[in-house]
There are 2 protein chains.
Amino acid sequence: MERRLNLEDVGRRAGVSRSTVSRVVNGGHVSSETKRRVEAVIAETGYRPHAAARSLASNSTGVIGLVIPSAAGTLFDDPYFGRLILGISSATNEVDMTLALFLFGDGPDERSIISRVVTPGLVDGVIVTATTRGDPLIDHMQGTNMPFVVVGRPDNAVSTFCVDVDNRAGARTAALHLAALGRSRPALIAAPSNTSAGIDRRNGFLEGLAEAGLSVEDRIAEGDWSQDSGRIAMARLLGGQPDSVFVSSDRMAVGALRAVSEAGLNCPRDISVVSFDGIVPPDLTTPRLTSVVQPVTEVGERAVRLLTSVIGGASTTPEHVVFPTELAVRESCGSTAQARPGA
Amino acid sequence: MERRLNLEDVGRRAGVSRSTVSRVVNGGHVSSETKRRVEAVIAETGYRPHAAARSLASNSTGVIGLVIPSAAGTLFDDPYFGRLILGISSATNEVDMTLALFLFGDGPDERSIISRVVTPGLVDGVIVTATTRGDPLIDHMQGTNMPFVVVGRPDNAVSTFCVDVDNRAGARTAALHLAALGRSRPALIAAPSNTSAGIDRRNGFLEGLAEAGLSVEDRIAEGDWSQDSGRIAMARLLGGQPDSVFVSSDRMAVGALRAVSEAGLNCPRDISVVSFDGIVPPDLTTPRLTSVVQPVTEVGERAVRLLTSVIGGASTTPEHVVFPTELAVRESCGSTAQARPGA
DNA sequence: CATATGGTTGGGAGCGCTCCCAACAAGGAG
DNA sequence: CTCCTTGTTGGGAGCGCTCCCAACCATATG
């Protein structure tokens, strides 16, 4: 097998120097005749520049890392991360970059992988996602000079770039919607309180209720994002005879819906359900789920754009991008209003 | 901001040469006293070798690529790919390699990303997954000298390394199980016939039926892996009054179950359901799904191991790893047998 | 005619590492 | 005492690229 060819070889075949070929490849100034000749040789030989050599010389790799901690077991059961990856991937493709995935669990061994993330010459920057409160990962990143952006709202958001959705406002809208429907005994199935989304959705919902003069009293339970935890939480809450419930994620809401029907109750007649995410295809549940839709894919795309601008030095002062959410009204809340277009 | 330090700098601080530091880092032979001193400097300075420089010099990147074509929309709704990624990721972590993800749709633009996959100096090898029959991707890979293994069964499997599950035998087992339960009007919800899994599961099921002297006659429909396609297919098949059905994926089976109950029928009393994947948590459906379990995570791990051995030159003649499946008997088939341990 | 200008091109230096070979010291064998 | 071995170390060469500066040519200008 013959040796891979390099810039020099291509140059020799085209009768020009290494530098000229490099200029053709990278879009520098070259006379059109020379350019044509060089391009012909490249097409003919199938020459591709060596990524590692390029990285070494230019001090930039064209790779961005995506860090997902606590990626154990159930992670991918929730479509959230899949969507996020899809958004990030399509954005990296668009700017001709490569996506490196760093998944790890909580084991001490696995955490040591973190250090691989900041290996110089491996990635140009990283997107860190879904950390729990107090996770040392963000602090660790801050201690390096690796550019990074956070998807979500980290503890000390002030000093980091981040992209998030307005969980609080979205949940508040859900509360106001239930109140507007005349529901007076709302319940809450919260998401884990060690995550920013969990906290924000809980607070936003309670805030909205308070505005409407309502309260969950003791009708509150916490799930772990899984469908089954939603079912269990709902089964328990039913004892408090709620007439409505805000479930902090679609996935848990599917479980909650099941608990409702298992208890012989009817949604939306006996109980209104509003959830968060807008990620479960509407037709998958009966009744179709009213949900606060968050633009996951857009968040991913925006995170890539923000990161590239940080890498390029265009952004230097921490910036927070917050996406609005939109309430998609369907049948599960018992609203008589039409589903909005795009819901 | 001071310059990143390199081997030379570390060596200077420890009073040794570049080469010696390199040997300490890579586990060469160094006297214990020197080693101690160098390691102290490394710990103190937080030195990390530059990945790109290392790749260039050693001609190996420590990165493996995972290629998933047709990654549009619904891809991640099926937990299959998530599990596969999890398995692959944990295996790469174990051998201290990094995972690069190449997702793309079918658009002509997107397909061009393929060429990025084989960029020299970017990845050491790639795992190609889930291609449809006749996809030019495999041929394209074969035209390069990039090591690769296929997850699944490619068209001309003879000349490629691949890791697959025994879809055919698994589906056959499902058929025999239904036959053993005394069902005589079996139906089939097949998976897309442009995928090897779709073909193998269909053929295996038909083969098993034939052995048992049964036939699906016209009780056959094809879904697209999605839950809703399963529901639609089942709704249609019900017209043929089947007493049992083999659904080619868990995801579609969930939809099928829904169609059964929407038709006012009872599973398993009126109709036995057996599916394939073993990927949907049993408690998520009523009744719990009897399914042919495939070891997705293990497939991913094995693919990484096989690939590294190809990269290392340890494997040179195409090798096919086929994992067996196991029938997990639960309630949806109407079997009176106990669920097996581990089901 | 000399000089300035601008578009092209070539080649040196260097990115940080690995690989290899030579150098050296310290013993043990002859 | 010399020779060989073994263990340890240093440094040259080179991986394939980018970046920069100098050289060159042609044309425009004084």
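1. A polar contact, as the term is used here, is a pair of N or O atoms within 3.5 Å. The structure under discussion is a predicted model, and with that in mind the approach of A:S31 to the DNA can be stated: a backbone N or O atom of this residue lies 3.1 Å from a phosphate oxygen of DNA strand C.

2. Two further residues reach the phosphates of the same DNA strand. The side chain of A:T34 places an N or O atom 2.5 Å from a phosphate oxygen of DNA strand C, whereas for B:L7 a polar backbone atom is 2.5 Å from a phosphate oxygen of that strand. The elements that contribute two or more residues to the surface near DNA strand C are α2 (18-26) and α4 (51-58) in chain A, together with α2 (18-26) and α4 (51-58) in chain B; of these, α4(B) gives the most, with 5 residues.

3. Taken as a whole, the surroundings of DNA strand C comprise 26 residues, the closest of which are A:S19, A:T34, B:L7, B:R18 and B:Y47. On the DNA side, sugar and phosphate make up 56% of the atoms of DNA strand C that come within 4 Å of the protein. On the protein side, the surface near the strand divides by class into 10 nonpolar, 12 polar and 4 charged residues.

4. Turning to the protein-protein interface, chain A and chain B each bring 49 residues to the contact, and the area buried between the two chains is about 4,200 Å², with carbon and sulfur atoms giving 56% of it.

5. The polar side of this interface counts 2 salt bridges between chain A and chain B, one of which joins the side chains of B:D96 and A:R116 at 3.7 Å, N to O. There are also 24 residue pairs in polar contact between the chains, with both residues at pLDDT 80 or more. On the side of chain A that touches chain B, two or more residues come from each of α4, α5 (79-94), β2 (98-104), α7 (114-117), α11 (227-237) and α12 (250-262), and by class that side holds 23 nonpolar, 15 polar and 11 charged residues.

6. How do the β2 strands of the two chains pair, and in which sense? β2(A) and strand β2 of chain B, residues 98-104, are antiparallel and pair over 3 bridges; within this pairing, A:L101 has B:L99 in β2(B) as its bridge partner.

How values were computed. Residues numbered from 1 in each chain as written. Chains lettered and ligands numbered in written order. Predicted model: local features only at pLDDT ≥ 70, side-chain atom pairs only at ≥ 80, totals over all residues. Heavy atoms only, no water. Near = heavy atom within 4 Å. Polar contact = N/O pair within 3.5 Å; in protein donor to acceptor, adjacent residues only side chain to side chain. Helix = DSSP H or I, 4+ residues; strand = E, 2+ residues; numbered from the N terminus. Nonpolar A, V, L, I, M, F, W, Y, C, P; charged D, E, K, R; others polar. Contact = heavy atoms within 4.5 Å. Buried area = accessible area lost by both parts, 1.4 Å probe. Salt bridge = Lys/Arg side-chain N within 4 Å of Asp/Glu carboxyl O. Pairing = 2+ DSSP bridges.
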